[in-house]
Amino acid sequence: MPFLFWNRLLEWLIPVLLVITAFIVLLPLFAVFLTSFAPTGTTPSLAPWQKGWTWENYRQAWQRGNFLLAFANSTLVALAVTGFQVITSALAGYALARLKFRGRQALLLIVLATLVIPFQLLVIPIFLVLKWGHAINTYWALILPTAANGFGIFLLRQYFQTVPIELEEAAALDGANRLQILWRVMLPLSRPALVTLFLFTFIGEWNDLFKPLVFTTRPELRTVQLALADFQEQFTNNWPLMMAAVTIATVPILLLFLIGQRQFIRGIATTGIKS
């Protein structure tokens with residue numbers, strides 16, 4: 001009887017705690033969104049309709065921040081980095097998951113070790129390499145430093161290990177080579193992991209401020225986060241205008257996550273489970 005009581009109590013308590021936690025997490029986002037509609041010059045509020053309601057902040061923020069150019073640059077850089085990481089992670093992850101060669105475990109440890117090294121510690125050698133290659137103040141300066149990533153390699157390596165090896169053996173008997181097996185067998189079966197890697201990489205690049213700040217100075221290369229930082233410096237005291245700019249920069253990523261959330265959750269849940 002006590003067991004049934006505590007079981008029912010947990011069944012009721014867990015959803016309540018989840019709702020409270022979600023409310024606490026989402027409250028700042030609601031505050032940002034609602035404040036963006038308040039008249040210019042007002043302070044942040046959860047009830048902006050009491051002071052008026054206007055869409056003018058979004059029009060001004062879009063024009064003054066030149067977000068059209070920033071969106072184009074961030075999209076280009078994020079897609080390019082994501083494409084490179086998917087290719088490099090798939091090739092390296094498959095090699096570490098399936099190929100037998102001397103030093104494989106040591107190489108895997110090196111890949112994992114790169115995850116604990118902050119990018120900021122590598123900025124000087126990366127800057128020197130980019131300068132030597134005449135890539136400073138170009139799109140390549142924003143793409144190449146993160147074209148390969150240890151997290152993506154490890155993620156796909158773990159997911160590839162969940163794919164039954166019998167499928168690869170059957171493809172090999174049909175005459176497929178390693179690249180054909182990777183392209184026609186492994187990658188189609190690893191869509192959740194690929195979506196997870198895509199979302200992690202795209203969102204990370206979209207929100208990156210460090211690389212554009214260090215490796216570029218040309219205004220035509222400004223990304224969304226750099227444009228947002230400049231915008232906040234110009235309109236420090238104009239909270240509604242700043243919140244409108246923050247909302248503009250956040251909405252594309254939010255929509256992207258909502259579209260791919262099912263595959264994202266599946267990819268995270270199944271990564272690391274070996275068959």
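**Exercise 1. Contacts of F231**

Leaving aside neighbours within four places in sequence, which residues is F231 in contact with?

*Solution.* The model is predicted. Step 1: take contact to mean heavy atoms within 4.5 Å. Step 2: drop the neighbours of F231 within four places in sequence. Step 3: read off the partners. F231 touches A61, R64, G65, L241, M242 and A245.

**Exercise 2. The nonpolar cores**

Find which residues touch the most other members of the largest nonpolar core. Then find which elements build this core.

*Solution.* Step 1: the largest nonpolar core has 22 residues. A61, F67 and F231 touch the most other members. Step 2: look for elements that give two or more residues to this core. They are α2 (56-64), α3 (67-98), α10, α12 (224-234) and α13 (239-270). Step 3: rank the shares. Helix α13 gives the largest one, eight residues. Step 4: look elsewhere. Another core lies apart from this one and holds 17 residues. A90, L156, M186 and A193 are among them.

**Exercise 3. T201**

Decide whether T201 is buried or exposed, and place T201 in its helix.

*Solution.* Step 1: locate the residue. T201 sits in helix α10, which covers residues 191-206. Step 2: apply the cut-off. Buried means under 20% relative accessible area. T201 has 6% relative accessibility, so T201 counts as buried. Step 3: list its contacts, without the neighbours within four places in sequence. T201 is in contact with V81, T82 and Q85.

**Exercise 4. A surface patch**

Name the residues of the nonpolar surface patch of about 750 Å². Then classify I24 as buried or exposed.

*Solution.* Step 1: the patch is made by W12, L13, V16, L17, I20, F23, I24 and L27. Step 2: pick out I24. This residue lies in helix α1, residues 2-35. Step 3: use the cut-off for exposed, over 50% relative accessible area. I24 has 56%, so I24 is exposed.

**Exercise 5. Salt bridges**

State how many salt bridges there are. Then work through three pairs.

*Solution.* Step 1: recall the principle. Side chains of opposite charge can pair when their charged atoms come close. Step 2: set the limit, a nitrogen to oxygen distance within 4 Å. The count comes to five salt bridges. Step 3: check the pairs, with the accessibility of each partner.

- K211 and E205 meet at 2.8 Å, N to O. K211 has 2% relative accessibility and counts as buried. E205 has a relative accessible area of 12%, so E205 is buried.
- E220 pairs with R218, with the closest N and O atoms 2.8 Å apart. E220 is partly exposed at 37%. R218 is partly exposed at 34%.
- R222 pairs with D230, with the closest N and O atoms 2.9 Å apart. R222 counts as buried at 18% relative accessibility, whereas D230 counts as partly exposed at 24%.

**Exercise 6. The whole chain**

How many helices and how many strands are there in the protein chain? Describe its burial, contacts and surface as well.

*Solution.* Step 1: count the elements. The chain has 13 helices and zero strands. Step 2: check burial. Of the 275 residues, 39% count as buried. Step 3: take the contacts with a separation of 6 or more. Residues 24 or more positions apart account for 73% of them. Step 4: look at the surface. The chain exposes about 16400 Å². Carbon and sulfur atoms supply 71% of this area.

How values were computed. Residues are numbered from 1 along each chain as its sequence is written. This is a predicted model: local features need pLDDT of at least 70, side-chain atom pairs count only at pLDDT 80 or more; totals for chains, interfaces and linings use all residues. Side-chain values use heavy atoms; hydrogens and water are left out. Patches are made of residues with over 30% relative accessible area and no salt bridge: like charges are joined within 9 Å, nonpolar side chains (Val, Leu, Ile, Met, Phe, Trp, Tyr) within 5 Å. Accessible areas come from the Shrake-Rupley method with a 1.4 Å probe; for residues, only the protein chains shown count as cover. A salt bridge is a side-chain nitrogen of Lys or Arg within 4 Å of a carboxyl oxygen of Asp or Glu. Helices (H or I, at least four residues) and strands (E, at least two) are DSSP runs, numbered from the N terminus. Buried means under 20% relative accessible area, exposed over 50%, partly exposed in between (1.4 Å probe, protein chains only). A nonpolar core is a set of buried Ala, Val, Leu, Ile, Met, Phe, Trp, Tyr and Cys residues joined through side-chain atoms within 4.5 Å.
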